[in-house]
Amino acid sequence: MTGSDKTLKLALVGCGGIAQAHWRGIQEIATRAQVTAIVETDAGRRGDMAGRTGARAFATLDEALRDGDFDAVDIMLPHDLHEETALKAFAAGKHVLLEKPLAHDLASAERILAAGKALTGQVFMVAEQAQYWMDVVKARELIDAGAIGAVLNAKACFYDRLTPEAPGAPPPWRYSLAKAGGGLTIDGGAHWIRPLRMMLGEVDEVIGVTGRHVPRMEGESWSQSILRFRSGVTAIFDAMNVAAPFAPYDLFRVTGDAGELVITGGRDAALKLFNAASPHGETIMEATPTKRDSYGAEIRDFCDAVLDGTTPAAPAEYALGEMRTALALYASVRSGRWEKVWA
């Protein structure tokens, strides 16, 4: 059997919204993954995903580990369940792909990482699809090539459209501080903090404000922050849950002393370069496909690491950066001062 012919038997643990994106990515891109088990406590979601995948369904991970046939798990659960589930999978000898953030608090995240470092012969990877946004990868290449000169500052904007709640339904688990560990910034905001780190380097300190305009959400539903990187470059980061119509906006803007890189949002999303050679802007690549395909790309990277022994695009511990940046923002809200990310 050649390397390309090998397949990875995978259990999907949790069948909420993100599982649908992972399954699509497996079908379209990560084709060496073979879903052989579904783990989900909700009977309706469990049956639906089992029907889609043809995999055997289990109500608990314990049952799946006892009776299922798989070599790896893709954990897509509320953040407070990450540690228990990952450690159980580690102990059973399974390879682990864990959705970001690592956990609901820093102590739990560090215990997971410590257990992952102690593994021999098992792959542990954190799923952060923004690592595979090729427009961001290309933007970093252009920065390194001097296309915009010396970087001065940057801006990032994350608008997350709210899903309407069914009348009488309990609040989503993401609305719970105990389960999520925070609000929008630690969760969806990670997908914007990672690209900023990829393009600008490591974050040193943060100052900002947060607010709540979603009634049942315990954590912040919007935040505005300034991130200062170790290089001295600063970035403004806006994150907001939105339900009302909103205007077009740029996802990222990186400004140098010789030009700018812009990643636009919406239907016509693209990476554009503005400099002396292209004063009206040159479209480098369309951005929308890179976002959609990133789920499959991360799972393919995981499969390659397990089956071929390749090194993932980012080590698991790199995911601490997004989490620590969000936690530093929360500390800044309490203190009213700049807060160190890696203190």
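A residue counts as buried when its relative accessible area is under 20%, as exposed when that area is over 50%, and as partly exposed in between. With this in mind, one can turn to helix α8 of this predicted model, a helix that is mostly covered, since 11 of its 11 residues are buried. The buried residues of α8 include hydrophobic names such as W192, I193 and L200, but also H191, R194 and R197. Just after α8 comes G201, which takes a positive phi of about 100°. As a general point of comparison, most residues other than glycine have a negative phi.

**How the helices pack**

Two packed helices are described by the angle between their axes and the distance between the axes. Helix α10 can be described in this way twice, once with α8 and once with α5.

| Helix pair | Angle between axes | Distance between axes |
|---|---|---|
| α8 and α10 | about 110° | 9 Å |
| α5 and α10 | about 170° | 11 Å |

How are α8 and α10 placed with respect to each other, roughly parallel or roughly perpendicular? Angles of 65 to 115 degrees count as roughly perpendicular, and because α8 and α10 pack at about 110°, they are roughly perpendicular to each other. Their crossing is right-handed. For α5 and α10 the angle is about 170°, and as angles over 145 degrees count as roughly antiparallel, these two helices are therefore roughly antiparallel to each other. The crossing of α5 and α10 is left-handed.

**Loops beside these helices**

The loop between β5 (95–99) and α5 (106–117) holds P101, and the peptide bond that leads from K100 to P101 is cis, with omega near -15°. For context, most peptide bonds are trans.

On the other side of α10 (320–335), W338 has its place in the loop between that helix and β15 (339–340). Is W338 buried or partly exposed? W338 counts as partly exposed because its relative accessibility is 31%, a value that lies between the limits of 20% and 50%. Together with I226 and I236, W338 makes a nonpolar surface patch of about 230 Å².

**A residue in strand β11**

L251 is found in strand β11, which covers residues 250–256, and with a relative accessible area of 8% this residue is buried. L251 and V262 stand 11 residues apart in sequence, while their C-alpha atoms are 7.7 Å apart in space.

Notes. Residues numbered from 1 in each chain as written. Predicted model: local features only at pLDDT ≥ 70, side-chain atom pairs only at ≥ 80, totals over all residues. Heavy atoms only, no water. Patch = residues over 30% accessible without salt bridge, like charges linked within 9 Å, V, L, I, M, F, W, Y side chains within 5 Å. Areas by Shrake-Rupley, 256 points an atom, 1.4 Å probe, with all protein chains shown as cover. Salt bridge = Lys/Arg side-chain N within 4 Å of Asp/Glu carboxyl O. Helix = DSSP H or I, 4+ residues; strand = E, 2+ residues; numbered from the N terminus. Buried < 20%, exposed > 50% of the residue type's maximum accessible area, 1.4 Å probe, protein only. Axes fitted to C-alpha atoms, helices over the stretch in contact; angles between N-to-C directions. Parallel < 35°, antiparallel > 145°, perpendicular 65-115°, else oblique. Left-handed = near helix turned anticlockwise from the far one by under 90°.
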